[in-house]
Amino acid sequence: MLAEIAILIWGPSAADASAKIAEITAATTSGKPDISWQWDADIGIHWAALVNAGLLAVLFATAGWWTRELPTRKAPIRSGTPRWFWPALAVAMLLGLGMRMPLASKSLWWDEAWVIRQCSHGSWKPDKKAPEVLKFSPTDWKRCAFYYQKPTNHVPMSLAQKASLQTWHKMSGAETGAFSDLAARVPALLASTAAVGLCGVLLHAWGFTLAGVLGATLLALHPMAIRYGVDARAYALVIPLALSALLAITCLIQTHGQ
């Protein structure tokens, strides 16, 4: 809540952005007003902070109700974890990582390239003063989070991608504008590898330990999971998020919130 309040006080001003939009709109007599997407983003950030602060206030006020202990408790479905489970699950995860690494190191599809050029990394453009010279134009975090000219910018993955590329730049000492296909796909690669482990843990939590290892191995080898598990967009997040949600619900049911 303090972070949201800080954004409201020191963050982008919705009033200023609205005034600029109104001014441009009033001055435009024909055609479409030349309104910057950044002004829309400023308005969105301000109102999102206000709404989030309100929701957090409601959660804080009702915490005594939604954090209460449930009246009854049943024993967990699973009774124990065999020693072989974790090593076997680790092997399945390494298998999944190994199956995805070759594809993760190859060139980009069009939609991957678009979001990297427009949102998470940047692109080379002719210098305005010297058109024969190419100059790298990087993107900033604000553009990465809010630029949405096409339904191609999957923001959670784009932000993780930008962090991965910047980390690679600092660790490798690469030149400005340098790019790595693998570095761009590291977040997707890690998410899809985590999905293999989550599949095994979820089935084990349901009482099917052997099926957990077999299911994790199947997910590690599944062609569709391999293909979309390295795509430099948010598809790779779908499976681990779904599995983690099911695992969280399972834990709540088994422990009755304790």
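**Rings, charges and cysteines**

Colleague: Why is W86 called partly exposed?

Modeller: The relative accessible area of W86 is 48%. Partly exposed covers the range between under 20% and over 50%. W86 therefore counts as partly exposed. Bear in mind that this is a predicted model.

Colleague: How many aromatic pairs are there?

Modeller: The count is five aromatic pairs. One of them joins W37 and Y147.

Colleague: What makes the W37 and Y147 pair edge-to-face?

Modeller: Take the distance, then the angle. The centres are 5.5 Å apart, and the limit for a pair is within 6.5 Å. The planes meet at 70°, and over 60 degrees counts as edge-to-face. Both tests are passed, so the name fits.

Colleague: Why does this pair tie together parts that are apart in sequence?

Modeller: W37 belongs to helix α3, residues 37-61. Y147 sits in the loop between α7 (141-146) and α8 (155-172). The pair thus connects parts 110 residues apart in sequence.

Colleague: Are W37 and Y147 buried or partly exposed?

Modeller: W37 has 23% relative accessibility and is partly exposed. Y147, at 11%, is buried, because buried means under 20%.

Colleague: Why is the pair of F85 and W86 called edge-to-face?

Modeller: Their ring centres lie 4.9 Å apart and their planes stand at 70°. The angle is over 60 degrees, so the pair is edge-to-face. F85 is buried, with a relative accessible area of 0%.

Colleague: Which residues do ring pairs link into a cluster?

Modeller: W37, W114 and Y147.

Colleague: How do you know that R143 lies over the face of Y147?

Modeller: R143 is 3.8 Å from the ring centre of Y147. The distance limit is within 6 Å, and the charge must also be within 35 degrees of the ring normal. R227 is placed likewise over the ring of Y228, with its charged end 4.7 Å from the centre.

Colleague: How many disulfides does a search of the whole structure find?

Modeller: Zero.

Colleague: Why is C144 too far for a bond?

Modeller: The closest cysteine sulfur belongs to C119, 6.2 Å from that of C144. A disulfide needs the sulfur atoms within 2.5 Å, so this pair does not qualify. C144 is buried, at 0% relative accessible area.

Colleague: How do you know that C251 is in no disulfide?

Modeller: For C251, the nearest cysteine sulfur is that of C199, 15 Å away. The cut-off is again within 2.5 Å. C251 has 36% relative accessibility, so it counts as partly exposed.

Conventions:
Residues numbered from 1 in each chain as written. Predicted model: local features only at pLDDT ≥ 70, side-chain atom pairs only at ≥ 80, totals over all residues. Heavy atoms only, no water. Phe/Tyr/Trp six-rings, centres within 6.5 Å; stacked < 30°, edge-to-face > 60°. Helix = DSSP H or I, 4+ residues; strand = E, 2+ residues; numbered from the N terminus. Buried < 20%, exposed > 50% of the residue type's maximum accessible area, 1.4 Å probe, protein only.
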